[in-house]
Amino acid sequence: MKYLRWLSIGVALALCLALVAPMNADAASQSASQAKSRKSGMEAKSHSAQKSKKVSARKNRAVSSKDRHSHKKQARNTKSKKQRKAADLRQQADSREIWLKRAQGSELLTGKASWYGRDFHGGVTASGVDYDMYTFTAAHRTLPMGTVVKVTDQHNGKSVMVCVTDRGPYVHGRIIDLSYAAAQQLDLSKRGVGKVNLEVVSDESGTPLRADLAYYVRYSAGAGHEKVGPFRAFADAAAMHEALRQAHPEAEVVLDSSR
């Protein structure tokens, strides 16, 4: 009986060991599997992070490249604008020299004149001065602002002197755009467009090109004409002209000998 009891105890221990061994194996296997899964997950995260960094780097390079392209394009545009502006200034300077040379040679320029009136009254001109249709001004494409031009109508021989304060006209064949007051003095306000001769009589300050000439304001008085002057600046003559026109609507600014 004693041997049988020890034998049964030994068999029980053997069975316990046999049951525990698979459980340990399963636990070890599960632990290994979990470790492998964690390693795989970490590798996947690492790969994903590296991929994300690469994508981000490519995007940054693309944005940087785009910025560089944009900066280069802006620099080219700025350079191009400066070049165009410099070319325009050279062209204006050349035009001014040509016009003044022609003016000093008493060369008459022929073309069509038009006028602009109420629709533009009070608007800003290219010179920065508000347009006044009742003053004696004009628009020209190239003459320097402040230049005084004598305009003579070929149809009736009437003349008027105007100061360039604006740019235009931009219609083919027209060389000057007169104010309403100037057009009235030429009887051009009803015709709209007329053929005229232009003679540049001053530099851009309004001073006569010829030192022996000056501006006068001429008006009718009794049986003849009276003149007020001389004025070396067109602006001074224009101011006197405005004052006299209230009593003498026919008053006009003329050039005459300063002696």
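**Order of elements.** I read the secondary structure of this predicted model from the N terminus on and wrote down the order of elements as α-β-β-β-β-β-α-β-β-β-α-β. My tally for the chain is 3 helices and 9 strands.

**Whole-chain values.** I then looked up how the chain of 259 residues is divided by burial, and found that 27% of them are buried. For the surface I noted an exposed area of about 17,300 Å², of which carbon and sulfur atoms supply 55%. Among contacts with a separation of 6 or more, I found that 67% join residues 24 or more positions apart.

**Nonpolar cores.** I looked next for the largest nonpolar core, which has 21 residues, and listed those with the most contacts inside it as Val149, Val151, Val160, Val162, Ile176, Leu178 and Leu198. Tracing the elements behind this core, I found that at least two residues come from each of β1 (109-116), β3 (148-153), β4, β5 (174-179), α2 (180-185) and β6 (194-200). I also recorded a second, separate core of 13 residues, with Val217, Tyr219, Phe234 and Val253 among them.

I picked Leu178 from the largest core for a closer look and, leaving aside neighbours within four places in sequence, found Leu178 in contact with residues including Ala113, Trp115, Tyr131, Thr137, Val151, Val162, Ala183 and Leu188.

**Thr137.** That list led me to Thr137, which I placed in strand β2 (residues 137-139). Is Thr137 buried or exposed? I entered Thr137 as buried, because its relative accessible area is 11% and the cut-off for buried is under 20%. Not counting residues up to four places away in sequence, I found that Thr137 touches Tyr131, Asp132, Val162, Cys163, Thr165, Leu178, Ser179 and Ala182.

**Second largest pocket.** I turned to the second largest pocket and noted a volume of about 320 Å³. Its lining has 23 residues, and I found that the closest to the pocket centre are Phe136, Thr137, Cys163, Thr165 and Phe234. Two elements give two or more residues to this lining, namely β4 (159-166) and α3 (234-245). Which element gives the largest share of the lining? I found that it is α3, with 5 residues. By residue class, I recorded the lining of this pocket as 10 nonpolar, 9 polar and 4 charged.

Putting entries together, I see that Thr137 is listed with the residues closest to the centre of this pocket and also touches Cys163 and Thr165, while Phe234, from the same list at the pocket centre, is included in the second core.

**Backbone exceptions.** As background for the last search, I kept in mind that most residues other than glycine have a negative phi, and most peptide bonds are trans. I found a cis peptide bond joining Gly168 and Pro169, with omega about -10°, and I placed Pro169 in the loop between β4 and β5. I found the peptide bond from Gly229 to Pro230 to be cis as well, with omega near 5°, and Pro230 has its place in strand β8 (residues 224-231).

I also looked up Asp187, which has a positive phi of about 60° although it is not a glycine, and which sits in the loop between α2 and β6. I entered Asp187 as partly exposed, because its relative accessible area is 39%, a value in between the cut-offs of 20% for buried and 50% for exposed.

Definitions and conventions. Residues numbered from 1 in each chain as written. Predicted model: local features only at pLDDT ≥ 70, side-chain atom pairs only at ≥ 80, totals over all residues. Heavy atoms only, no water. 1 Å grid on protein atoms, 1.4 Å probe; cavity = no way out; pocket = protein on both sides within 12 Å on 5 of 7 lines; lining within 4 Å. Points joined across faces, edges and corners; volume = space filled by probe spheres on them. Helix = DSSP H or I, 4+ residues; strand = E, 2+ residues; numbered from the N terminus. Nonpolar A, V, L, I, M, F, W, Y, C, P; charged D, E, K, R; others polar. Core = buried A, V, L, I, M, F, W, Y, C linked by side-chain atoms within 4.5 Å. Buried < 20%, exposed > 50% of the residue type's maximum accessible area, 1.4 Å probe, protein only. Contact = heavy atoms within 4.5 Å. Areas by Shrake-Rupley, 256 points an atom, 1.4 Å probe, with all protein chains shown as cover.
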